[in-house]
Amino acid sequence: ASILGSSTQCFAAEVKTEGFENGTAISLTKIGSYDSGYSNKDGGVTEIISYDKVKNNAWVVNGATGKLDILSLEQVTGSISDKIPVKSLDIPAIVAKVVPDFQYGDMTSVAVNGDLGIAAVALQDADYSKHGYAAILTTEGELLTMIEAGCQPDNIVFTPDGTKILVVHVI
């Protein structure tokens, strides 16, 4: 993502056997990009991303709209492509149907486990002193459940075996 967080860049990587310091280097080539249509001098627009290796999708948090953008990378094949299909999930509207007393404040992280077909999203309450949630979705974008995740949940990840979700939050 760019410094302003308004676009997502896709790169193809090639590991080189020679390089600096450790003897290896990675060569990156831009193969596509996605422009969310928003920018903010303070950042926080499209700065959080997770990759679904099974569906070849990038899940991008759009902090400007509160939407979770699912980018299909199927058409990004190595030549420059600026036309990436996107499906946007209106996370505040989705969670309001399930937890009506939760006041959406911010989406702080996303993690995808393509092998299990699920994604997890950390959601802060508008009142930072209240508990937030981890929204668990299918990789199709359907909400499965909401799990209370402590105050100001941030940085959500799956354990390597995929059996647990870890969330950082304020105590």
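Colleague: Let's start with the rings: how many aromatic pairs does the count come to?

Modeller: Bear in mind that this is a predicted model. Ring centres have to lie within 6.5 Å to pair. By that rule the count comes to one aromatic pair.

Colleague: And is the pair of Phe102 and Tyr133 stacked or edge-to-face?

Modeller: The two ring centres are 5.2 Å apart, with the planes at 85°. Planes over 60 degrees apart fall in the edge-to-face class. So the pair of Phe102 and Tyr133 is edge-to-face.

Colleague: How many residues apart are Phe102 and Tyr133?

Modeller: Phe102 is in the loop between H1 and E7, while Tyr133 belongs to strand E9. The pair links distant parts of the chain, and the separation is 31 residues.

Colleague: Does Phe102 count as buried or exposed, and what about Tyr133?

Modeller: The cut-off for buried is under 20% relative accessible area. Phe102 has 7% relative accessibility, so that ring residue passes. Tyr133 comes in at 15%, so the label is again buried.

Colleague: Zooming out, what pattern does the protein follow along the sequence?

Modeller: There are 11 strands and one helix to place. Reading along the sequence, you get β-β-β-β-β-β-α-β-β-β-β-β.

Colleague: Which strands are the edge strands of the open sheet of five strands?

Modeller: The order in this sheet is E7-E8-E9-E10-E11, with antiparallel pairing. An edge strand pairs on one side only, and that description goes to E7 (104-113) and E11 (165-170).

Colleague: How is E7 joined to E8: over how many bridges do they pair?

Modeller: E7 and E8 make a hairpin with four residues between them, and Gly117 in the turn has a positive phi of about 75°. One of the bridges matches Tyr104 with Asp125 in E8. The pairing is antiparallel, and the number of bridges is eight.

Colleague: How many of the 10 residues of E7 are buried?

Modeller: E7 is an edge strand of its sheet, pairing on one side only. Even so, E7 is largely enclosed by the rest of the structure, because the number of buried residues among its 10 is seven.

Colleague: At the other edge, what is the bridge partner of Phe158 in E11?

Modeller: E10 (residues 143-158) and E11 pair in the antiparallel sense over five bridges. Phe158 closes the residue range of E10, and its bridge partner in E11 is Ile165.

Colleague: Where does the helix go, and what angle does its direction make with that of E10?

Modeller: H1 (residues 91-98) packs on the five-stranded sheet. The strands touched there are E7, E8, E9 and E10. With the direction of E10, the helix makes an angle of about 115°.

Colleague: Which strands stand at the edges of the sheet with the order E3-E4-E5-E6?

Modeller: This is an open sheet of four strands with antiparallel pairing. The twist averages 20° from one strand to the next. Two strands have a single partner each, so one side of each is left without a neighbour in the sheet: E3 and E6 (86-90).

Colleague: What angle does H1 make with E6?

Modeller: H1 also packs on this sheet, touching E5 and E6. Its direction, taken against that of E6, gives about 40°.

Colleague: What is the bridge partner of Ser50 in E4?

Modeller: E3 and E4 run antiparallel, joined by five bridges. Ser50 sits on the covered face of E3, along with Ile48 and Asp52. Asp52 has Asn57 as its bridge partner in E4, whereas for Ser50 the partner is Trp59.

Colleague: Which residues touch the most other members of the largest nonpolar core?

Modeller: The core has 20 residues, and the elements giving two or more of them are E4, E5, H1, E7, E8 and E9. Leu68, for example, has contacts beyond its sequence neighbours that include Trp59, Ile91, Met107 and Val121. The residues touching the most other members are Trp59, Leu68, Ile91, Val121 and Leu123.

Colleague: How many residues are in the second, separate core?

Modeller: Among its members are Ile136, Ala149, Ile156 and Phe158. Phe158 is also the residue bridged to Ile165 in E11. The number of residues in this second core is nine.

Key
Residues are numbered from 1 along each chain as its sequence is written. This is a predicted model: local features need pLDDT of at least 70, side-chain atom pairs count only at pLDDT 80 or more; totals for chains, interfaces and linings use all residues. Side-chain values use heavy atoms; hydrogens and water are left out. Two strands pair if DSSP finds at least two bridges between them. Contact means heavy atoms within 4.5 Å. Axes are lines fitted to C-alpha atoms, for helices over the stretch in contact, and angles run from 0 to 180 degrees between N-to-C directions. Rings of Phe, Tyr and Trp (its six-membered ring) pair if their centres lie within 6.5 Å; planes under 30 degrees apart count as stacked, over 60 as edge-to-face and the rest as tilted. Buried means under 20% relative accessible area, exposed over 50%, partly exposed in between (1.4 Å probe, protein chains only). A nonpolar core is a set of buried Ala, Val, Leu, Ile, Met, Phe, Trp, Tyr and Cys residues joined through side-chain atoms within 4.5 Å. Lists of a residue's contacts leave out its neighbours within four places in sequence.
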